[in-house]
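Here are my notes from a read through the model, set down point by point. Have the viewer open while you go through them.

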Amino acid sequence: MASNSRSFVLASRASKLAQIQTNIVRDGLEAAFPALSFGTSFMSTEGDKNQSQALYLLGGKALWTKELEVVLKENVVDMLVHSLKDVPTTLPHGCELGAILERENPVDSLVVKQGLPYKTLEDLPEGSVVGTSSVRRVAQLRRSFPGLVFLDVRGNLNTRLAKLDAPDGPYTALILAKAGLVRLGMGDRVTTDLTAPILFHAVSQGALGVEIRADDQEARELCKMLTHQETQWKCLAERALLRELEGGCSVPVGVSTSLSQIDKSAGELTRATLTITGCVTSLDGSLHVQDTLSQEVESIQGAEELGRNLAIKLMSNGAKAILDDITQDRRKKASEAETAE
């Protein structure tokens, strides 16, 4: 266990939501280890600074984590608190996931502009502009709602909601992760939840992850107290699926995962039936590959294997061709953007 003389510093992005999430982790650690000292530090990352380019063109998830990982590896801070959906499925050498906290509701939600009467996506008039920066959401929703117009919207949640509600703004509604709204105390802005099969959520959406140095045994022991095993098994299965598909932050991979018939021994999860559905959708919504696997698993390794097996099944059923097309499309648009500059 950690020595009483050591003070642990938790770091994250500087947004209001990231600070709230970091404080959730800090509060959990302080409650579990009242004799230890925990501080916080916040910084802007490349993903925060570049608000002009579409996420689709900016590339992978390291936008949100890379600079934080530098200060972690240099021993400036001891733990990084992330929205787990923003964490690359392969961490840099010397870093590891120390904890996965209990997941908030992972669904996406429809948030309609204040003053408008619409309650569902079906209510929106043809040609309505819906804001989201996620190609996963756009690809899936284009299948069911071809008459809607999807427009990129960047910025933290407060900024995006201000853009939505601006009287002269183009947006009729936004699609946002419910977990972020709830943590910010804005759950009342949710008009309706968008659940599968209309919209499969992102890998690890709604869960917080704590990243530590792989050689920091003291931090690892502290993190064990924070981990919610049911969330851990589900999220690691989802991350294994995404890793096998080689999907980054802006790839239209959706999931839905559940655990049933749960067995525990001395409070530890020992066995459960894990059911995971995954889908990959082309950017225009015309192609959609979806499948489900369900199996009894007895460990994290078993959960990850099930996620990998589902990815392999999806790839063989057409997902690889969709992902290859998306990679080519991104390279082409990124090249065009560079030329325009």
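The points below cover the two sheets, the helices that pack on them, the nonpolar cores and one leucine.

1. First, a caveat: this is a predicted model. Please read everything below with that in mind.

2. Let's start with the five-stranded sheet. The sheet is open, its order is β2-β1-β3-β10-β4, and the pairing is mixed. At its edges stand β2 and β4 (95-100); each has a single partner strand, so one side of each has no neighbour in the sheet. On average, neighbouring strands here are turned by 30° against each other, direction ignored.

3. Which strands does β1 pair with in parallel? One is β2: strand β1 (residues 7-13) and strand β2 (residues 37-43) run parallel and are joined by seven bridges. If you want a pair to click on, alanine 11 has serine 41 of β2 as its bridge partner. To get from β1 to β2 the chain goes through helix α1 (residues 16-32), and this β-α-β crossover is right-handed. Strand β3 (residues 79-83) also runs parallel to β1, with two bridges between them. There, leucine 10 has methionine 79 of β3 as its bridge partner.

4. Two helices deserve a look against this sheet. Helix α1 lies across β1, β2, β3 and β10 (208-213), and runs at about 170° to β2. Helix α8 (residues 217-224) packs on the sheet too, where it touches β1, β2, β3, β4 and β10; its direction makes about 160° with that of β10.

5. Now the three-stranded sheet. This one is open as well, with the order β11-β12-β13 and antiparallel pairing. The edge strands are β11 and β13, each of which pairs on one side only. Here the average turn between neighbouring strands is 10°, direction ignored.

6. The pairing in detail: β11 and β12 run antiparallel and are joined by eleven bridges, with threonine 257 standing opposite isoleucine 276 in β12. Between β12 and β13, also antiparallel, there are ten bridges. Threonine 275 has serine 294 as its bridge partner in β13. What phi does glycine 285 take in the hairpin of β12 and β13? Its phi is positive, near 80°, in a hairpin that has six residues between the strands.

7. On to the helices at this sheet. Helix α9 lies across β11, β12 and β13 and runs at about 35° to β12. Helix α10 lies across β12 and β13, running at about 170° to β13.

8. How do α9 and α10 pack against each other? Their axes are 7 Å apart, and the packing angle is about 35°. The crossing of α9 past α10 is right-handed. On the α9 side the contact includes Trp233, Leu241 and Leu245, and on the α10 side it includes Gly307, Ala311 and Leu314. There are charged names in the list as well, including Glu244 of α9 and Arg308 of α10.

9. Which residues have the most contacts inside the largest nonpolar core? They are Trp233, Leu241, Leu245, Val253, Leu274, Val280 and Leu314, in a core of 27 residues. At least two residues each come from α9 (229-245), β11 (253-265), β12 (268-281), β13 (288-297) and α10 (300-340). The most come from α10, which gives nine residues.

10. Valine 253 is a good place to zoom in. Neighbours within four places in sequence aside, valine 253 is in contact with Arg136, His201, Ala202, Leu241, Leu242, Leu245, Cys279 and Val280. Apart from the largest core lies another, of 18 residues, among them Phe38, Val81, Leu222 and Cys223.

11. Last, a single residue: is leucine 157 buried or exposed? Leucine 157 sits in helix α6 (residues 157-165), and its relative accessible area is 8%, so it counts as buried. Leaving aside neighbours within four places in sequence, its contacts are Leu17, Leu176, Gly180, Leu181 and Leu184. Try lysine 16 too: leucine 157 and lysine 16 are 141 residues apart in sequence, yet 8.7 Å apart in space, C-alpha to C-alpha.

How values were computed: Residues are numbered from 1 along each chain as its sequence is written. This is a predicted model: local features need pLDDT of at least 70, side-chain atom pairs count only at pLDDT 80 or more; totals for chains, interfaces and linings use all residues. Side-chain values use heavy atoms; hydrogens and water are left out. Helices (H or I, at least four residues) and strands (E, at least two) are DSSP runs, numbered from the N terminus. Buried means under 20% relative accessible area, exposed over 50%, partly exposed in between (1.4 Å probe, protein chains only). Contact means heavy atoms within 4.5 Å. A nonpolar core is a set of buried Ala, Val, Leu, Ile, Met, Phe, Trp, Tyr and Cys residues joined through side-chain atoms within 4.5 Å. Two strands pair if DSSP finds at least two bridges between them. A crossover is right-handed if, with the strands pointing away from the viewer, the path from the first strand over the helix to the second runs clockwise. Axes are lines fitted to C-alpha atoms, for helices over the stretch in contact, and angles run from 0 to 180 degrees between N-to-C directions. A crossing is left-handed if the near helix is turned anticlockwise from the far one by less than a right angle, and right-handed if clockwise.
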